[in-house]
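Please open the structure in the viewer and keep the sequence at hand. The tour below proceeds by selection, with a short description at each stop.

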Amino acid sequence: MASTHSHPGEQAAQDPIRLLAIRDTPLTVDEVFRAVGDDAAGGTALFVGTVRNHDGGADVDTLGYSCHPTAEAELRRVAEKVAADYPVRALAAVHRVGDLEVGDLAVVVAVSCPHRGEAFEACRKLIDDLKHEVPIWKHQKFSDGTEEWVGA
């Protein structure tokens, strides 16, 4: 019997990046989940970031995201690095810009790999690097009248 690692499904896909976008329209988990479907994947990990009603001990009233014109290119660079470092079968990442409400989806990322552990690790790397390296900024306004900018 051949080693399981010799099967093509155990390797990274030739072009695993299926969906990358920064958009001002509502995001859906279903779109991202469908984008990473792959018959050779045994594990799919998905992360959903939502707007919460507080931050740093203060109540958040409104929140808006904006990005630098290079943000999509940086998102692609981050995705390509994750795909190169893990046996990714499929990868997707979308981030919202514009004004959002509490509970809205701000970011959805997903990765499918041959095994669950790889999928978890790759998904975590994707969201962490996206948040640290892609020039997207969050502007929060708090109920006490203060505001702050947060971002890469």
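Begin by selecting Ala71, Leu75, Val78, Ala79, Val82 and Ala83, which are buried residues of helix H2. Please bear in mind throughout that the model is a predicted one. Looking down the axis of H2, one finds the buried residues within an arc of 135°, so they line one face of the helix. Next, display the elements that cover these buried residues: among them are E1, strand E4 (58–67), E5, H3 and strand E8 (136–142).

Now select the whole of H2. The helix has 15 residues, and the distance from its first C-alpha to its last is 21 Å, close to the 21 Å expected at 1.5 Å a residue.

**The sheet**

Select strands E1, E5, E7 and E2, which in that order form an open sheet of four strands with mixed pairing. At its edges are strand E1 (17–23) and strand E2 (43–50), each of which pairs on one side only. On average, neighbouring strands of this sheet are turned by 5° against each other, direction ignored.

Proceed to residues 90–96, strand E5, together with residues 105–113, strand E7. These two strands run antiparallel and are joined by six bridges. Which residue of E7 stands opposite Ala92? Selecting Ala110 shows the partner of Ala92 in this arrangement.

**Helices on the sheet**

Add H2, residues 71–85, to the view: this helix packs on the sheet and touches E1 and E5. The direction of H2 makes about 150° with that of E1. Then add helix H3, residues 116–133, which also packs on the sheet, touching E2, E5 and E7. The direction of H3 makes about 145° with that of E7.

**Two single residues**

Select Ser112, which is placed in strand E7. Is Ser112 buried or exposed? Its relative accessible area is 0%, so Ser112 is buried. Beyond its neighbours within four places in sequence, Ser112 is in contact with Val36, Asp38, Ala41, Gly43, Thr44, Pro87, Val88, Arg89 and Ala90.

Finally, select Asp129 in helix H3. The relative accessibility of Asp129 is 11%, and the residue therefore counts as buried, the cut-off being under 20%. With neighbours within four places in sequence left aside, Asp129 is in contact with Val78 and Val134. Val78 was part of the opening selection, as one of the buried residues of H2. To end the tour, select Asp55 as well: Asp129 and Asp55 lie 74 residues apart in sequence and 21 Å apart in space, C-alpha to C-alpha.

Key. Residues numbered from 1 in each chain as written. Predicted model: local features only at pLDDT ≥ 70, side-chain atom pairs only at ≥ 80, totals over all residues. Heavy atoms only, no water. Pairing = 2+ DSSP bridges. Axes fitted to C-alpha atoms, helices over the stretch in contact; angles between N-to-C directions. Contact = heavy atoms within 4.5 Å. Expected span 1.5 Å × (residues − 1). Buried < 20%, exposed > 50% of the residue type's maximum accessible area, 1.4 Å probe, protein only. Arc of directions from axis to C-beta.
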